[in-house]
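Dear colleague,

Here is the structure I promised to pass on to you, with the sequence alongside. Please open it before you read on.

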Amino acid sequence: MRETCRSLSPSSKPLSQWLKVHHAHLRHILVSDEYRTLYCYVPKAACTNWKKAFLYLNGMVKNEDEARLFAHKKKTNLAKYSEEEALFRLQNYSKFIFVRNPMTRILSGYREKFALSERRGRRNWSVNLGNVIHFQFSNHTLTNFKDMPSSGFNVSFREFVRFLGSKRARFDLQGSEHWQPMSDLCFPCRVQYDAIGKFETFDFDAKQILRTLKRNDLQKIVLEKSDHSTGSSGDDILRKYYSELTRSEVEGLNWRYRKDISLFGYIPFK
């Protein structure tokens, strides 16, 4: 990974200087001071269960019901610390991350927010964004956004992929973490992770992390099937959705997520 990082960013500032610029962007890195451990969570890479585990590590919940309720609400992240405190933890704590094949992660984000959310319930921002995507990236003949259907449930995967290639996707602050490149969320070229687990080998890798933490009692929490699972990793469903795309659209995705593909050892989608 270090060689890949050097090729992507030949010159780099000392961590202390880098932190002055990116300190506020470290909200994805969760902290357990008691266990001297940092974990950077990547949406759509089994992060909900790890969020719950960190609530237990930090003594913030007492049972599974509380963990499920507060998983996305109570988070002790590195951005809440001062620059000096954050630097100390980055230099002295153990650090781990879980990553996922960018192509299945994109598909999972699309299916959760647009394809499956009608029966699961959907937030207003997701409905509004769905309408915007459909208006801007479909082949409709309407000229007025107000004439669009208001459900937001009719976004095709191809429209979503076109949206990902647009500037708007980079500045959609509410939903972007679900499809933002992992390298932009967790900064693997600046944060020296001690362990990089993969969604594709999640059970084995997670058990290794828990064993290191000496918290095997959390296996049930970490390894349980998430409520946010979309079943998007199978070859059949992957081919089904990606067959909708043109060759140039697939190549555009490979380019958009090229850092994740190179850094974490994935293969460009063919």
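Below I describe the strands and then a pair of helices.

Please keep in mind that this is a predicted model, and that the statements here rest on values computed from it.

A good place to begin is strand β2, which covers residues 37-40. Both of its faces are covered, since Thr-37 and Tyr-39 on one side are buried, and so are Leu-38 and Cys-40 on the other. Strand β1, made of residues 29-32, pairs with β2 in the antiparallel sense over 4 bridges, and within this pairing Leu-30 stands opposite Tyr-39. The hairpin formed by β1 and β2 has 4 residues between the strands, and Arg-36 in this hairpin takes a positive phi near 50°.

Which strand pairs with β2 in the parallel sense? Strand β3, residues 94-99, does this, again over 4 bridges, and Phe-96 in β3 is the bridge partner of Tyr-39. Tyr-39 thus has a partner in β1, namely Leu-30, as well as Phe-96 in β3.

Turning to the helices, two packed helices are described by the angle between their axes and the distance between the axes. For helix α6 (residues 102-115) and helix α9 (residues 157-164), the angle is about 115° and the axes lie 11 Å apart, while the crossing of α6 past α9 is right-handed. On the α6 side, Ile-106, Leu-107, Tyr-110 and Phe-114 take part in the contact, and they meet Phe-157, Phe-160 and Leu-164 of α9. The residues of this contact comprise 7 nonpolar, no polar and no charged ones.

With best wishes

Definitions and conventions: Residues are numbered from 1 along each chain as its sequence is written. This is a predicted model: local features need pLDDT of at least 70, side-chain atom pairs count only at pLDDT 80 or more; totals for chains, interfaces and linings use all residues. Side-chain values use heavy atoms; hydrogens and water are left out. Buried means under 20% relative accessible area, exposed over 50%, partly exposed in between (1.4 Å probe, protein chains only). Helices (H or I, at least four residues) and strands (E, at least two) are DSSP runs, numbered from the N terminus. Two strands pair if DSSP finds at least two bridges between them. Axes are lines fitted to C-alpha atoms, for helices over the stretch in contact, and angles run from 0 to 180 degrees between N-to-C directions. A crossing is left-handed if the near helix is turned anticlockwise from the far one by less than a right angle, and right-handed if clockwise. Contact means heavy atoms within 4.5 Å. Ala, Val, Leu, Ile, Met, Phe, Trp, Tyr, Cys and Pro count as nonpolar, Asp, Glu, Lys and Arg as charged, and the others, Gly among them, as polar.
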